[in-house]
Amino acid sequence: MKRYIAKRLLLIIPMLIGISFIMFTVMHLAPGDTASIKYGMNPEVSGSARANFDKMYDLDKPVLVQYGLWVKRLISLDFGSSLIDDQAVMAKITSRLPATLLLQIISLFIIFLIAVPIGVISAVKRNSFFDRIMTIFVFIGYATPSFWLALLLILFFGFKLGWLPISGMSPWYTAYLDSFDRTKDLIAHLVLPVVATAFGSLAALSRYSRSSVIEVMNENYVLTARAKGLSSSRIVTAHILKNALLSIITIMGLSLPALISGSFIFETIFAWPGMGRLGYEAIMNYDYPVVMGVGVIATFLTLIGIFLSDIAYAFVDPRIRVGGEK
Amino acid sequence: MNKRIIFGIVIIFVMTLSAVLAPFVARYDPLKMDLSEDARLEKPSREHFFGTDNLGRDVFSRMVYGARISLSVGFIAVFISLGMGIFLGGISGYYGGWIDSVIMRIVEIMYCFPTFFLIMMVITFLGPSIVNVMIVIGLTSWAGICRLVRAEFLSLRERDFVQAAKVQGVSNFRIIFRHILPNAMGPVYVSATLSVGGAILVESALSFLGLGIQIPEASWGSILTAGKVYIDYAWWLTLFPGLAILITVLSFNLMGEGLREVLDPKLRERK
């Protein structure tokens, strides 16, 4: 098991290098140079000053060399500083990360808690009324532009009913509340972003749970259990669900890139003070160091999530573990 | 005939037809503004089916013309990703060895990438335009098709007809594209149909964020941008373009699922 974990962990490094290299190259394809973004049309910054600036930040060197230097700094977690406000990129990201993690982790839990039961019930009662309704729901869920759903939520719960706040996380007045009321306010602010974030993956995961339960139901050991005369509720919980959860765990890991991608849209729509919005704003401002930082951290989080789901998978399935130790 | 396929095809046909015949379907010029007080943000009525926007333009007409953008992005992006996916998946599955490992590593990277972020980056830095959107979506969405084609090739390349072609001295290129590929296309059609819906969704999100189609032209996503600004008053600006995206993507997905059922006999039995 230890070797398996170590092997998986080591795999993260080449992936991170590959992905960051793609992003680095993409940014250097972009027209316009850093000096003119930072100093714009400022006539006081002369051509030679700009050349010096380029030299100081190694911007005059070839892309590959620059990438090497960037990786070297990355090892000490130094992403440089923002071109817009000179703040350290790492500090900017760490101040935004908790909000994103809060939103993502809660969404992930909700997706899991709702999608798995839906999938199991649909599979066990195949072609029932419930299954048909859920199939329709899944098709609509797949086809709904998630940002549009976010707008509808704002329109309906924010404006028509006026039940929930539509933007931000902790407004100024929360400083004057006690911790109970502050939590209540935070939850109210979380509802709409969480629903919007969870919705798309909900359809995918419930569909996936359904098909993996159906697959397990056709296995011989389930037939044996039935032949032994076990009650069907026991068969479902002890035999089917346990085995079906295996593949569901993996797909949870694989749904992370979609969740992170979504955070760039939803955090912008709901003015959520997280990393996704930071990334969007950085892209809009051509703030290269921040863009790279957000990109790398987002990728890293995704890879860690996939790593964790791999480990969980190996933990519950001895076959993988043994295979990995060979 | 499969019900899902028929439903999908009918809707897609109607959408495509009205996009092609936009000048005859739309009653107003989609770019014509009317800034007088009573023409702006008008509620849906018999004159303006889906109301008017903040600049007094007819939303229905803008959506009919917008369908041209959204549909062509869907088709062209998928065309690009099909080309890349089939080519890379084909040589990967056929040759195996180091070619296969290199391509599969790239595929894994594409799978773990928050692709939307990459797309946003590339488009901002290359300059937002609808052509860039098509290309970038195409270039970032081939991984799934590549895997699919590779898997098919892995099993097909051992078959007798491939061996026979090899013995006859047929070139590798010809074996890949003339002998194996036609047999591997079934799952590819399914995946391509589903990808059109996916590409339309990505385009609408990009246009919504201002990274797709540029003003004054409109796609469904960019009408929603204005919808967000006037959301507390003009619900029609938000409701109708979103519904159009939903119905179109739904039709492509239904058609794809229907195709899957028709092409995969195992699924039919299970039902």
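Going from the N terminus, chain A is helix after helix: its elements run α-α-α-α-α-α-α-α-α-α-α-α-α-α. That comes to 14 helices and 0 strands, in what is a predicted model. Of the 326 residues in chain A, 45% are buried. Taking contacts in this chain between residues at least 6 apart in sequence, 73% join residues at least 24 apart. As for its surface, chain A exposes about 16500 Å², with 68% of that area coming from carbon and sulfur atoms.

One residue of chain A worth a look is T268(A), which sits in helix α11, the stretch covering residues 256-269. Its relative accessibility is 19%, and because buried means under 20%, T268(A) counts as buried. Leaving aside residues up to four places away in sequence, T268(A) has contacts in both chains. On the chain A side, the residues it touches are S263(A), R277(A) and Y280(A); on the chain B side, they are L209(B) and K228(B).

Over in chain B, a nonpolar patch of about 930 Å² lies on the surface. The residues that make it are I6(B), I9(B), V10(B), F13(B), V14(B), L17(B), V20(B), L21(B), F24(B) and V25(B). Two elements of chain B, α1 (3-20) and α2 (22-25), each give two or more residues to this patch. Helix α1(B) gives the most, with 7 residues. F24(B), one of the patch residues, belongs to helix α2 of chain B. With a relative accessibility of 72%, F24(B) is exposed, because that label applies to anything over 50%.

Chain B also offers a helix pair to look at. A packed pair of helices is described by the angle between the two axes and the distance between them. For helix α3 (residues 59-95) and helix α7 (residues 143-156) of chain B, the angle is about 35° and the axes are 7 Å apart. The contact draws on S81(B), L82(B), G85(B), I86(B), L88(B), G89(B), G90(B), S92(B), G93(B) and Y94(B) from α3(B). Facing them from α7(B) are I145(B), C146(B), V149(B), R150(B), F153(B) and L154(B). As for handedness, the crossing of α3(B) past α7(B) is right-handed.

Definitions and conventions
Residues numbered from 1 in each chain as written. Chains lettered and ligands numbered in written order. Predicted model: local features only at pLDDT ≥ 70, side-chain atom pairs only at ≥ 80, totals over all residues. Heavy atoms only, no water. Helix = DSSP H or I, 4+ residues; strand = E, 2+ residues; numbered from the N terminus. Buried < 20%, exposed > 50% of the residue type's maximum accessible area, 1.4 Å probe, protein only. Contact = heavy atoms within 4.5 Å. Patch = residues over 30% accessible without salt bridge, like charges linked within 9 Å, V, L, I, M, F, W, Y side chains within 5 Å. Areas by Shrake-Rupley, 256 points an atom, 1.4 Å probe, with all protein chains shown as cover. Salt bridge = Lys/Arg side-chain N within 4 Å of Asp/Glu carboxyl O. Axes fitted to C-alpha atoms, helices over the stretch in contact; angles between N-to-C directions. Left-handed = near helix turned anticlockwise from the far one by under 90°.
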